[in-house]
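Dear colleague,

I am handing over the structure below, and the notes that follow set out what was found in it. Please read them alongside the coordinates.

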Amino acid sequence: MAAVFLVTLYEYSPLFYITVVFVCFLVTSGLVLAWSGLGVPVILRNLEETESSARMLKKQMKQVKNPFGLEILHPATASVTKGIILTPDCLEDCILTCYWGCSVQNLHKALQKHVYCFRIKTPQALEDALYSKYLYRQQYFIKKNDKEEKHCQLPEDAQVVDFGPVPRSCYPLVALLTLADEEDREIYDIISMVAVIHIPDESYRLPCRILYQYVLLAQGQYHELKQLFMSANSTAASSSDTSPGERSTDRSLLERAGLAEDEPELHEENSRDCVVCQNGTVNWVLLPCRHTCLCDGCIKYFQQCPMCRQFVQESFPLRSETEQDEDE
């Protein structure tokens with residue numbers, strides 16, 4: 001019956017026949033791709049299927065408290081010869097230990113030892129893991145909530161003006177923050193934090209900044225903190241996408257840790273609004289691209305980031321429904 005209809009249609013108008021066949025092909029292809037989970041327009045999917053896919057993408061979260069904060073003061077003036085000014089901001093009494101010219105290989109071996117051998121919860125534990133593969137060490141005692149500036153500098157007799165061409169075998173500066181009291185180490189899940197800091201010298205003049213930041217857990221894991229791509233004017237909370245806690249925190253904490261960055265793409269008239277509906281408050285972080293741009297209502301309709309079009313593998317909220325209800 002269908003064959004007779006198509007033959008009759010072709011005899012009546014070949015152009016109309018080709019158009020009908022082409023439209024049927026597009027609709028069939030779209031339905032097949034939508035059923036297989038590939039990126040196709042949302043209009044070809046039913047609401048139940050889209051919501052079920054979004055639920056599968058939600059990342060399991062565990063909220064933890066990070067007692068450490070570290071900020072570089074006046075990064076434009078920092079150099080190997082002049083030194084660097086660090087401003088720690090910790091919730092408990094801590095010890096700041098700075099290692100100049102720390103071996104890259106030994107540092108990452110030390111992080112692995114934290115997982116498999118022993119916990120790096122004191123400066124001595126890190127030194128044992130590094131096998132003294134650094135040029136110079138400085139140490140400061142940091143009182144609770146004390147934001148006193150600490151000036152770190154190589155001694156003049158070190159006569160170091162650069163750390164060689166890239167790729168380098170050592171980091172210019174590695175800052176370790178550890179809890180001073182044994183009792184505090186029993187309370188917090190995060191027992192220490194390692195910050196790898198680039199400092200410009202004669203061979204490598206890029207601006208001073210924190211390259212990597214790792215939080216070390218008492219359970220024997222370590223995780224790298226990464227910034228989220230969101231507007232500087234946004235008052236929404238922010239967190240790390242690789243931290244085990246993926247914790248909710250305010251932007252001031254990220255600024256103290258040196259993780260908050262602006263992204264021109266997200267500057268809107270009201271940066272707190274969802275980039276899709278322009279009405280809901282931004283609350284969802286998309287992984288792996290780390291764009292923070294969707295509200296609770298729009299997150300279930302997207303399998304690709306609306307900013308960069310990268311496929312979303314996982315996502316997590318900055319604030320839970322309970323926290324939002326409490327704020328309201």
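In this predicted model, β2 (84-88) and β5 (150-152) pair in the antiparallel sense over three bridges, where strands (E, at least two residues) and helices (H or I, at least four) are DSSP runs numbered from the N terminus, and two strands pair if DSSP finds at least two bridges between them. Within this pairing, I85 stands opposite H151 in β5. The open sheet has three strands in the order β1-β2-β5, with antiparallel pairing. Because β1 and β5 each have a single partner strand and stand at the edges, one side of each is left without a neighbour in the sheet. From one strand to the next the twist averages 35°, with axes taken as lines fitted to C-alpha atoms and angles running from 0 to 180 degrees between N-to-C directions.

As to provenance, residues are numbered from 1 along each chain as its sequence is written, and side-chain values use heavy atoms, with hydrogens and water left out. Since the model is predicted, local features need pLDDT of at least 70 and side-chain atom pairs count only at pLDDT 80 or more, whereas totals for chains, interfaces and linings use all residues.

The largest nonpolar core (buried Ala, Val, Leu, Ile, Met, Phe, Trp, Tyr and Cys residues joined through side-chain atoms within 4.5 Å) has 34 residues, of which F68, I84, L86, L96, W100, I197 and I199 touch the most other members. Among the elements that give two or more residues to this core are β1, β2 and β3, while β6 gives the most, with five residues. A second, separate core of 17 residues includes L107, L111, Y171 and V196. Leaving aside neighbours within four places in sequence, L96 is in contact (heavy atoms within 4.5 Å) with residues including L86, P88, Y140 and L177.

Further along, Q304 lies in the loop between β11 (292-294) and β12 (314-317), and Q304 counts as buried because its relative accessibility is 18%, buried meaning under 20% relative accessible area, exposed over 50% and partly exposed in between, with a 1.4 Å probe and protein chains only. A polar atom of the Q304 side chain lies 3.0 Å from the backbone oxygen of R309.

For the protein chain overall, the secondary structure comes to eight helices and 12 strands, and buried residues make up 44% of the 328 residues.

Best regards

Note on methods
Polar contact = N/O pair within 3.5 Å; in protein donor to acceptor, adjacent residues only side chain to side chain.
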